[in-house]
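Student: Could you take me slowly through the pockets of this model, beginning with the elements that line the largest pocket, and then turning to the second largest pocket?

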Amino acid sequence: WEFNSSFHQPSAFLMLGIPGLEALHPWISIPFCALYLTALLGNCMILFIIKKTQSLHEPMYYFLSMLAVTDLGLVLCTLPTTLGLFWFNLRRIGFDACLTQMYFIHILSFIESSVLLAMAFDRFIAISRPLRHPSILTKATVTKIGLAIVLRGMVSLLPIPFLLKRLTYCGKMELSHSFCFHPDIMNLACADIKVNVFYGMIILLSTVGMDFIFIVLSYILIIKTVISLATKEECLKALNTCVSHICAVLVFFIPMIGLSMIHRFGKNVPPLVNTLVAYTYLIIPPALNPVIYSIKSSHIREALLRALWRKSG
């Protein structure tokens, strides 16, 4: 390591795979490859179908496109270091490269949270104000929402790498995962990290935390609107349009909340649990989201079948 008597910043960190199962990494890489392949092909398929199908050029599917692009970004952020570690035991990652990966992982996670909130808002308007839905969520409005989501993530997380660079590091420079995560890097410092902890908590609560609260409020209002509908068939039809989004919300937020709790309060949690929750949070949602929407959305499913029929014909 490069060392200065008053300031010690490592030239690199060492990444860990799955604790206690290092000898099985080549075999463990098989399900990871399957998940990564599913995420890459599934999200590219969603984007291709929405682009090529004119009937899907509406707000719900524009937001789904944003979700697919975000999931692709998350996959491409973690795939090189994860498979590099499992296949070739490439544990070393440069300090600046680690901060860059961490920044983009957190930005994309925040963007995914905001996109899920936008999708909840879209469902609320579609169910409670069906006639005004096209005039409220125009293409220009959706574009502005998308830009606001990206800017919000980039600006709110911009100080994080600089807050980490100012710290002095000592001891073993081993990360808990095969990717860089803010709490993980922060805990390797031998300096006062109160500012990092406070800023990280404030940003998490004011972005992802608020997104989750507004998503829950949106569904409370949706349920109130649905209950007021005349027939049972209308209620079921309205709720059916939300099922895939509810699944996507649960798949994303449950592991994220679990990982945040472990990093802040789970000092005695076994390292294996921490690692598995982290992988679930970053790899499972990008792989499952296209599957969920392909199964539950009849429009996506029909467009996919038409595309396959044309190719086979």
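Tutor: In this predicted model, three helices each supply at least two residues of the lining of the largest pocket, namely α7 (182–186), α8 (194–227) and α10 (243–265). Among the contributors, α8 gives the largest share of that lining, with 10 residues. The space in the largest pocket comes to about 490 Å³, and of the 24 residues that line this pocket, Met201, Leu204, Ser260, Met261 and Arg264 are the closest to its centre. If you sort the lining of the largest pocket by class, you find 15 nonpolar residues, together with seven polar and two charged ones.

Now turn to the second largest pocket, whose volume is about 360 Å³. The lining here is made of 16 residues, and those closest to the centre of the second largest pocket are Ser176, Asp184, His263, Gly266 and Asn274. Two elements, α10 and α11 (271–296), give two or more residues to this lining, and the largest share, three residues, comes from α11. By class, the lining of the second largest pocket divides into seven nonpolar, six polar and three charged residues.

As you look at the structure again, you can follow α10 from one pocket to the other, since this helix supplies at least two residues to the lining of the largest pocket and also gives two or more residues to the lining of the second largest pocket.

How values were computed. Residues are numbered from 1 along each chain as its sequence is written. This is a predicted model: local features need pLDDT of at least 70, side-chain atom pairs count only at pLDDT 80 or more; totals for chains, interfaces and linings use all residues. Side-chain values use heavy atoms; hydrogens and water are left out. On a 1 Å grid over the protein atoms alone, a cavity is a set of points where a 1.4 Å probe fits but cannot get out, and a pocket is an open set with protein on both sides within 12 Å along at least five of seven lines; lining residues have an atom within 4 Å of a point. Grid points are joined across faces, edges and corners, and a volume is the space filled by probe spheres set on the points. Helices (H or I, at least four residues) and strands (E, at least two) are DSSP runs, numbered from the N terminus. Ala, Val, Leu, Ile, Met, Phe, Trp, Tyr, Cys and Pro count as nonpolar, Asp, Glu, Lys and Arg as charged, and the others, Gly among them, as polar.
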